[in-house]
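Subject: Handing over a structure

Dear colleague,

I am passing on to you the structure shown just below, with the sequence beside it. Please take a look first, and then read on for what was found in it.

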Amino acid sequence: MIDHAHDLASVRDATERLLTAVGALDNASVTQPSRLPGWSRGHVLAHLARNADALVNVLEGRPMYVSGEARDADIERDAPRALDVQLADLRESAARFQAAGDAPADWARTVELRNGVTDSASRVPFRRWVEVELHHVDLGIGYELEDLPEEFTEREIDFLADRFAGHPDIPATLLTDGTRAWSTGRKPGGQGPEVTVTGPPADLLGWLAGRRDGSALASAGGPLPTLPPL
């Protein structure tokens, strides 16, 4: 069962780590490339702030974004801002999200995200946690996948494995870190998975999330599957 209050607290902690790390940068650092193709660190920070406001919209029953074009335009507009402005926006938008999450609500209700995707309101805090943690890594400022909280890594592997489950272009795949296991891809045609992928949790997550190429993973039964973009 999803514990939205626990996840809201986790978002708060992750945001504080992010704000502390970003606060140690300077204006020149913000303009440098992030690990996301075509995005500077300023783009990542702008996206994080606007995503917080977008998820407030979701929780309050409004469209997540006016449009995809408006979302992209807002990020481009905000990316070049000075560090102090980025930090203030991150802090204030995060506070708005926390306030929306703390408001009395029916957390079992269904909400709509982007592109017609629906989910339980109770999962929105975890979705925000994902944004904060993975984009902190994307900044390329010393926070790596290995630094992510263990609970977060396990839950995000589970979420992404489920997201790819049943995909016809991915062979039936067992993912394991040697202790835990997840299934993804199309349903096995025989008695078991077609491919078994083994590696450390950080590398499994990095591969599933499109942050690593999977070269640190071992694949038995066939080549490492090619995953579609998220």
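A good place to begin is the pairing of strands S3 and S5, which lie parallel to each other and are joined over four bridges; please keep in mind throughout that this is a predicted model. Within that pairing, Thr173 stands opposite Val195 of S5. Thr173 also has a bridge partner in S4, namely Thr184. In contrast to the parallel pairing of S3 with S5, S3 and S4 run antiparallel, and here too four bridges join the strands. S3 and S4 form a hairpin with four residues between the strands, and in this hairpin Gly178 takes a positive phi near 95°.

These three strands lead on to helix H8, since the buried residues of H8 pack against strand S3 (173–176), strand S4 (181–184) and strand S5 (195–198), as well as against helix H7 (150–164). How much of H8 is buried? Seven of its eight residues (201–208) are, so the helix is largely enclosed by the rest of the structure. The buried residues are Ala202, Asp203, Leu204, Leu205, Gly206, Trp207 and Leu208, a list that includes the acidic side chain of Asp203. Just after the helix, Gly210 takes a positive phi, in this case of about 75°.

Stepping back to the whole chain, the protein has eight helices and six strands, and from the N terminus on these elements run α-α-α-α-α-β-β-α-α-β-β-β-α-β. Among the contacts between residues at least 6 apart in sequence, 57% join residues that are at least 24 apart, and 47% of the 230 residues count as buried.

As for overall dimensions, the C-alpha trace spans about 55 × 40 × 30 Å along its principal axes. The radius of gyration is 18 Å, which agrees with the value near 17 Å that a compact globule of 230 residues would have.

Turning finally to the surface and the charges, the protein exposes about 11,100 Å², of which carbon and sulfur atoms supply 52%. There are 23 positive and 36 negative side chains, and the centres of these two sets lie 2 Å apart.

If you open the model yourself, Thr173 may be a convenient starting point, with Thr184 as its bridge partner in S4 and Val195 opposite it in S5.

With best wishes

How values were computed. Residues numbered from 1 in each chain as written. Predicted model: local features only at pLDDT ≥ 70, side-chain atom pairs only at ≥ 80, totals over all residues. Heavy atoms only, no water. Buried < 20%, exposed > 50% of the residue type's maximum accessible area, 1.4 Å probe, protein only. Helix = DSSP H or I, 4+ residues; strand = E, 2+ residues; numbered from the N terminus. Contact = heavy atoms within 4.5 Å. Pairing = 2+ DSSP bridges. Rg over C-alpha atoms; globule rule 2.2 N^0.38 Å. Areas by Shrake-Rupley, 256 points an atom, 1.4 Å probe, with all protein chains shown as cover. Charge placed at Lys NZ, Arg CZ, Asp CG, Glu CD.
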